[in-house]
Each structure stands twice: as structure tokens, then as C-alpha cells.
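Biologist: Could you take me through one part of this model slowly? I would like to see where a single residue sits, and what lies around it.

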Amino acid sequence: MASVVETVQKEVKPLIESHHFDLVDIEFVKEGKSWYLRVYIDKPGGVTIEDCAEASDQISEKLDSLDPDPFPEAYFLEVSSPGAERPIKTSDDWQRAVGQYIHISLYASVDGQKVFEGTLDDYSGTDLTLTYMAKTRKISKQFDVKQIGFARFAIKF
């Protein structure tokens, strides 16, 4: 299904960006007997229900006009915000996350830990600096981006 996602991304990214939204992610997944095409959009300050409805109409029209049809099955289109704890995947996502509180999960343990939450202080493209609390101490640590299996924005409690 990667080719479906790639095709959709190529077709809808310019459309979404022309409306001043960011294309965060696209999923084409089967749940039960139904297929879902999920398009996640965002903008500074967040997206509204009206933004999602507008984008959904535009995306639907664009995808319906594609010939040949890239979809092997009938599907439901869902357009939504990625949420407060959205994934961090692209270089642009990392740049936007500088100064924000994030969660990272590593492929292998570092100092006996695989999960860290803290403030992203810096991102160079190949590594990042995260400041986190270890009990009562503030620690600043550098990580190679290749060490990170998953990253997302986090809510600080």
C-alpha cells in the first residue's frame, strides 16, 4: 500500500499547502472489512473542524479525478488534525519541535533507558539535544537521529 500513500502524497501535498496547511502524514489502512485513507493536516495554532471539512472536499475532488484510480479497494476518506501528541517524522517536524516538550523512544538503551521526555533544545539534521529531568537533576543529552525509533510531541504534566 506504500504506492497508494506515495501517489496520494504527490497529488494532495501541493493542494494542501496552497491552503496554508501542513501535510503531516497519510495512512492507507484496513480495519475490519473497510479501508481508510487518513490524511493528517496541521497549521500554526491548530486546525478546526471547518479546516478539515474544507480540505476533505478538496482532497476528495482531486482523488476522484485521478486516472488511473490508484486505489485497489473502496475506502473512507478521513481528514483530521494529528492531535497534540503528533508524531515527529520529517526534518520540518523536527525544526518545528525545537523549544517544545517531546517524547523519544530509542532502538537501544542509552544510560539504561530507551524512553526520554524533555525539551528539544537543538536539532542539526543528524542529531538533537534534549534536556530532561532525571529525578531532581536537569540533564542535557545529545542523540543521533538514527538512534530514535519513534518521536512525538508530548504534554508536560
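Modeller: What follows starts with the whole chain, then turns to the surroundings of one serine, and ends with the other sheet.

Keep in mind that this is a predicted model. The chain has 157 residues, and 37% of them count as buried. Its C-alpha atoms fill a box of roughly 55 × 30 × 25 Å along the principal axes. There are three helices and eight strands. From start to end, they follow the pattern α-β-β-α-β-α-β-β-β-β-β. So much for the overview.

Now for the serine. Which strand holds Ser140? Ser140 lies in strand E7, which covers residues 137-144. What does Ser140 touch, once its neighbours within four places in sequence are set aside? It is in contact with Asp121, Thr129, Leu130 and Thr131. Those names can be placed on strands. Strand E5 runs over residues 113-123, and strand E6 over residues 127-134. Asp121 falls within the range of E5. Thr129, Leu130 and Thr131 fall within the range of E6. Another residue to look for is Thr119. Ser140 and Thr119 are 21 residues apart in sequence. In space, their C-alpha atoms are 9.2 Å apart.

Next, look at how E7 is held to E6. Eight bridges join the two strands, which run antiparallel. One pair to find is Tyr132 and its bridge partner in E7, Ile139. E6 and E7 form a hairpin, with two residues between the strands. Lys135 in this hairpin takes a positive phi near 60 degrees.

Step back to the sheet around Ser140. How many strands does this open sheet have, and in what order? It has five, in the order E7-E6-E5-E4-E8. The pairing is antiparallel. E7 is an edge strand, and so is strand E8 (148-153). Each of these two pairs on one side only. Neighbouring strands here are turned by 40 degrees against each other on average, with direction ignored.

Further along the order come E5 and E4. Strand E4 covers residues 101-110. E4 and E5 pair in the antiparallel sense over six bridges. Within that pairing, Ile104 has Phe116 in E5 as its bridge partner.

The other sheet is worth a look too. It is open, with three strands in the order E1-E2-E3, and its pairing is mixed. Its edge strands are E1 (22-31) and E3 (75-80), each pairing on one side only. On average, neighbouring strands of this sheet are turned by 15 degrees against each other, direction ignored. Strand E2 (residues 34-42) pairs with E3 in the parallel sense, over six bridges. There, Tyr36 has Phe76 in E3 as its bridge partner. Helix H2, residues 49-64, packs on this sheet and touches E2 and E3. The direction of H2 makes about 140 degrees with that of E3.

Last, the chain as a whole once more. Take the contacts with a separation of 6 or more: residues 24 or more positions apart account for 48% of them. The accessible surface comes to about 9,500 Å². Carbon and sulfur atoms hold 49% of that surface. The chain carries 18 positive and 27 negative charges, and the mean positions of the two sets are 10 Å apart.

Definitions and conventions. Residues numbered from 1 in each chain as written. Predicted model: local features only at pLDDT ≥ 70, side-chain atom pairs only at ≥ 80, totals over all residues. Heavy atoms only, no water. Helix = DSSP H or I, 4+ residues; strand = E, 2+ residues; numbered from the N terminus. Buried < 20%, exposed > 50% of the residue type's maximum accessible area, 1.4 Å probe, protein only. Contact = heavy atoms within 4.5 Å. Areas by Shrake-Rupley, 256 points an atom, 1.4 Å probe, with all protein chains shown as cover. Lys, Arg positive; Asp, Glu negative; His and termini not counted. Charge placed at Lys NZ, Arg CZ, Asp CG, Glu CD. Pairing = 2+ DSSP bridges. Axes fitted to C-alpha atoms, helices over the stretch in contact; angles between N-to-C directions.
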